[in-house]
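Biologist: Please give me a close look at strand pairing in this model, and then set that part against the rest of the chain.

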Amino acid sequence: MSETYGEAVTRWSVEHRKQVIDNPDVEFLGPYGITLDQKQAAIEEAKLLKPYRLYVFKHVTQLLNSLDIPWFLTYGTLLGWYRSKAMIAHDHDIDIAIVKEEDMLTVWKNRHRLPDDVSVICSDVVERNFNWCTDDECHPYDPSKGGVKKLLFTLKNPLPIPNNPIGYFGVDIEIYTYRLEEDGFRLNYAFGDLADVNAYHKSIVLPLNKSTFESVEVFVPNKPKEFLEIAFDYIGEDAVWDEATKLYKQRKQKQ
């Protein structure tokens, strides 16, 4: 039995994550093993696949808006918006968050309203045989057990293959879920040694603000710079991954 798209992405992430852990002296663009030396190849791959990613992104946002579900850009996509209102040149996915965890079920139950060539995956990337949602309910997130509670949208149709492929991301539009606790919003994410344990104060997230991103109307957190600095620490364009802190730091200048 061939692996699913979600399983392939997970396998790729695990394999390349190991490279980061095993090579502490190498500078990486992020936690999943793409080095600075591979940046140009990543840019070329992203440029090739960008139209397909934006196609799915537009349909996902249209679905969310039609269902009156509050959502916002998050993580690397929010960083791209903050810098230039566009995707970061080497970014491989688009990250969305929904404000209310319970809205995940509404999205899942209305997935049939998406185009036929768009598929949705709700399986957990840690426990592969576990699906977060059925047509009747979505399982609550248990921080003690970990996992990644999200929906992953991709294309069913074959995609062009880059000349120098460095990843297995293809088209990957993700809707992440947060839970609201006393100290703020917390991401339902724990994948191996990677976990966002930060609390985003409610005033940093809400109210959401309208903006544009790649010519699409989007929503962003109330205080996007503060949100990004909590998520990433350093948000300059010369950022590299810091495996010690699991955040980003400024790249060392060559002597």
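Modeller: Two strands are called paired if DSSP finds at least two bridges between them. Strands (E, at least two residues) and helices (H or I, at least four) are DSSP runs numbered from the N terminus. This is a predicted model, in which local features need pLDDT of at least 70 and side-chain atom pairs 80 or more, while totals for chains, interfaces and linings use all residues. Residues are numbered from 1 along each chain as its sequence is written, and side-chain values use heavy atoms, without hydrogens or water.

The part to look at is the pair formed by E12, residues 239-242, and E13, residues 247-250. These strands run antiparallel and are joined by four bridges. Within the pair, Val240 of E12 faces Lys249 of E13. The two strands make a hairpin, with four residues between them. One of the turn residues, Lys246, has a positive phi of about 60 degrees.

A second antiparallel arrangement is the open sheet of three strands, ordered E4-E8-E9. Its edges are E4 (147-148) and E9 (194-195), each of which pairs on one side only. Two bridges hold E4 against E8, residues 189-191, again in the antiparallel sense. Here Gly147 stands opposite Ala190 of E8.

Among the helices, H3 covers residues 75-84. Seven of its ten residues are buried (under 20% relative accessible area with a 1.4 Å probe, protein chains only), so H3 is largely enclosed by the rest of the structure. The buried residues are Tyr75, Gly76, Thr77, Leu78, Leu79, Gly80 and Trp81. After H3 comes Lys85, with a positive phi near 60 degrees.

As for the whole, the protein has six helices and 13 strands. Its C-alpha trace spans about 55 × 45 × 40 Å along the principal axes. The radius of gyration, taken over C-alpha atoms, is 17 Å; this agrees with the value near 18 Å for a compact globule of 255 residues, where the rule is 2.2 Å times the number of residues to the power 0.38. Of the 255 residues, 51% count as buried. Among contacts (heavy atoms within 4.5 Å) with a separation of 6 or more, 64% involve residues 24 or more positions apart.

Notes
Buried means under 20% relative accessible area, exposed over 50%, partly exposed in between (1.4 Å probe, protein chains only).
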